[in-house]
Amino acid sequence: MAIPQGPNQRWSLDFMSDALEDGRRFRVLNVIDDFSRECLAAVVDTSIGGARVARELDRIAELRGYPCLVVSDNGTELTSNAMLKWQEDRKVDWHYIAPGKPMQNGLVESFNGRMREECLNEHLFPSLRHACRMIAAWRDDYNQHRPHSSLDGLTPREYHQRSEEDQNLNRANL
């Protein structure tokens, strides 16, 4: 797949899991814009099924518009009837990576590695609410304050904003 040349051309998503101090498991749904590397959502809950994934994607799209393509593995949540209907109703193309080939979704896998190393492995979470707060704060730092060498030293948010400004300038010059 070609590298996207603008925002919303391709989103990648994947799940992670961790545990609270008391051993209860929780999941994190990460949604990344592959162009800007911006984390559009890090949804934390004990269970995230297909209908919830669809609602979260609609919530993101309210702010950013729908993507042209979504890339994911073929987990049951992402191949559910709710997700298939979501794809069809919104006319969003979906690409499922080959089973056992996570590097076919390398951008979100790289993001997951950073989140695991810098956030999940660094904190004990006494409650789901605490996990939500800590992960949201880490996501904000990642998007707003961390320059990326792959983005010419800009943060994901700056890279996205610069792209929007360039697109607006190009439209004005037509």
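Here are a few worked exercises on this structure, which is a predicted model.

**Exercise 1. Check the span of helix α3 against what its residue count suggests.**

Start with the count: α3 covers residues 106-118, which is 13 residues. At 1.5 Å a residue, with the multiplier being one less than the number of residues, the helix should span 18 Å. Now look at the end C-alpha atoms: they sit 18 Å apart, so expectation and model agree.

Next, see what is tucked away. Gly 106, Val 108, Phe 111, Asn 112 and Met 115 are the buried residues of α3. Their cover includes strands β1 (10-19), β2 (25-33) and β3 (38-45), along with helix α4 (128-145).

**Exercise 2. Find out which elements build the largest nonpolar core, and which of them gives the most.**

First, the core itself: it holds 19 residues, and Leu 13, Leu 29, Val 31, Val 53, Leu 57 and Trp 94 have the most contacts inside it. Then sort by element: β1, β2, β3, α1 (50-64) and α2 (81-90) each put in at least two residues. The top contributor is α1, with four.

Zoom in on Val 53 next. Skipping neighbours within four places in sequence, Val 53 touches Phe 15, Leu 29, Ile 48, Leu 78 and Met 83. Don't stop there, though: a second, separate core of 18 residues includes Cys 39, Val 44, Leu 120 and Trp 138. For background, nonpolar side chains tend to be buried together in soluble globular proteins.

**Exercise 3. Work out how the buried residues of α2 are arranged around its axis.**

List them: Met 83, Trp 86 and Gln 87 are buried. Looking down the axis of α2, these buried residues stay within an arc of 95 degrees, so they line one face of the helix. On the other side, Asn 81, Lys 85 and Glu 88 are exposed.

What does the buried set of α2 pack against? The partners are α1 and β5 (93-96). To finish, step past the helix end: Lys 91 follows α2 and has a positive phi, near 55 degrees.

**Exercise 4. Classify the ring pairs Phe 35 with Tyr 159 and Trp 94 with Tyr 96.**

You need two values, the distance of the centres and the angle of the planes. The model has eight aromatic pairs. For Phe 35 and Tyr 159, the centres are 5.0 Å apart and the planes make 45 degrees, a tilted pair. Phe 35 belongs to the loop between β2 and β3, while Tyr 159 is in helix α5 (residues 156-172), so the pair ties together parts 124 residues apart in sequence.

Is each ring's residue buried or partly exposed? Phe 35 is buried at 10% relative accessible area, whereas Tyr 159, at 21%, counts as partly exposed; the cut-off for buried is under 20%.

For Trp 94 and Tyr 96, the centres are 6.0 Å apart and the planes are at 35 degrees, so this pair is tilted. Trp 94 is buried at 13%, and Tyr 96 is partly exposed at 26%. Both rings belong to one aromatic cluster with Tyr 66 and Trp 86.

**Exercise 5. Describe the surroundings of His 148.**

Locate it: His 148 is in the loop between α4 and α5. Its relative accessible area is 6%, so His 148 is buried. Leaving out neighbours within four places in sequence, its contacts are Arg 114, Tyr 142, Gly 153, Leu 154 and Pro 156. As for Tyr 159, eleven residues from His 148 in sequence, the C-alpha to C-alpha distance is 9.5 Å.

Definitions and conventions. Residues are numbered from 1 along each chain as its sequence is written. This is a predicted model: local features need pLDDT of at least 70, side-chain atom pairs count only at pLDDT 80 or more; totals for chains, interfaces and linings use all residues. Side-chain values use heavy atoms; hydrogens and water are left out. Buried means under 20% relative accessible area, exposed over 50%, partly exposed in between (1.4 Å probe, protein chains only). Contact means heavy atoms within 4.5 Å. A nonpolar core is a set of buried Ala, Val, Leu, Ile, Met, Phe, Trp, Tyr and Cys residues joined through side-chain atoms within 4.5 Å. The arc is that of the directions from the helix axis to the C-beta atoms. Rings of Phe, Tyr and Trp (its six-membered ring) pair if their centres lie within 6.5 Å; planes under 30 degrees apart count as stacked, over 60 as edge-to-face and the rest as tilted.
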